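Trainee: Could you walk me through a few strands and loops in this one?
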Amino acid sequence: MATINGDQCNNTKAKKPRPLLARTWSDNYEIKDVEIPGSPQTPRTSTTPGHENCTFHHDLELDHRPPTREAMLPEMSRAYKLLLGSLGENPDRQGLLKTPERAAKAMLFFTKGYDQSLEEVLNDAIFDEDHDEMVVVKDIEMFSMCEHHLVPFYGKVSIGYLPCGKILGLSKLARIVEIYSRRLQVQERLTKQIAVAVTKAVQPAGVAVIVEGTHMCMVMRGVQKINSKTVTSTMLGVFRDDPKTREEFLNLVQSK
């Protein structure tokens, strides 16, 4: 197994192909660096009390966030109704009567990651631990929405990191995937956002993320290649600089 020493954690003697910085490599990454200008702020909701009786909050399809998400539904429903009419459909017929509201709720669920922050999801699940060997969680299911066509892409995510005195609760890696996949996305950006989030959470010696996705914009339309898959990766720290560490991660991810 790949291990690290104190020098690698402190970034003082580790060999790198690029000039060393006075601060650790993880300090060079900020969550804001991978956020998209103009996208909703995270979180974009308030926690105003007094909304216990709002029917929206008890919809099992959504994580309720009073009050702003509830306020979006009427306008979004009107937009979907207009879309149905533009397609030549009758939005008032029985089968489509509640479709605009259903579609609006579904879209809010698909994009619920806008309402979550890294700090909220981690919830202090960061632990001091004298562990310096690789941690890998692989084949995390991922569902997202292509920001170019508003159709889904889905697949799996594998994450590895080399701790430097701190470890992250394993389920939190899956929750980090949820934060950034439940948004309008491109796979390339999603991959980097996950890696940067893990970096900011535990400041490890390195982070590696591989995402394999199937894109409905290539399956249902356009070139219509149903068996195509897109693979993206982000390697940070020792995973980028040490071929042996990177190879070990890739072997672990590919093993059955």
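Mentor: What follows covers strand pairing, one serine and two loop residues. This is a predicted model, in which local features need pLDDT of at least 70, side-chain atom pairs count only at pLDDT 80 or more, and totals for chains, interfaces and linings use all residues. Residues are numbered from 1 along each chain as its sequence is written, and side-chain values use heavy atoms, with hydrogens and water left out.

Trainee: In which sense do β2 and β3 pair?

Mentor: Strands β2 (residues 135-146) and β3 (residues 152-162) pair in the antiparallel sense over 9 bridges; strands are DSSP runs of E, at least two residues, numbered from the N terminus, and pairing requires at least two DSSP bridges.

Trainee: And how many bridges join β3 to β6?

Mentor: Strand β6 (residues 206-215) runs antiparallel to β3, joined by 10 bridges, with glycine 155 partnered by glycine 213 in β6.

Trainee: Is serine 158 buried or exposed?

Mentor: Serine 158, in strand β3, is buried at 4% relative accessibility (buried is under 20% relative accessible area, exposed over 50%, partly exposed in between, with a 1.4 Å probe and protein chains only). Leaving aside neighbours within four places in sequence, the residues in contact with serine 158 include Val137, Ala208 and Phe249, contact meaning heavy atoms within 4.5 Å.

Trainee: Switching to loops, what is phi at leucine 150?

Mentor: Phi of leucine 150 is near 55°, a positive value in a residue other than glycine; leucine 150 sits in the loop between β2 and β3 and is partly exposed at 47%.

Trainee: Where is glutamine 203?

Mentor: Glutamine 203 lies in the loop between α6 (187-202) and β6, and its phi is near 45°, also positive.

Terms used: Helix = DSSP H or I, 4+ residues; strand = E, 2+ residues; numbered from the N terminus.
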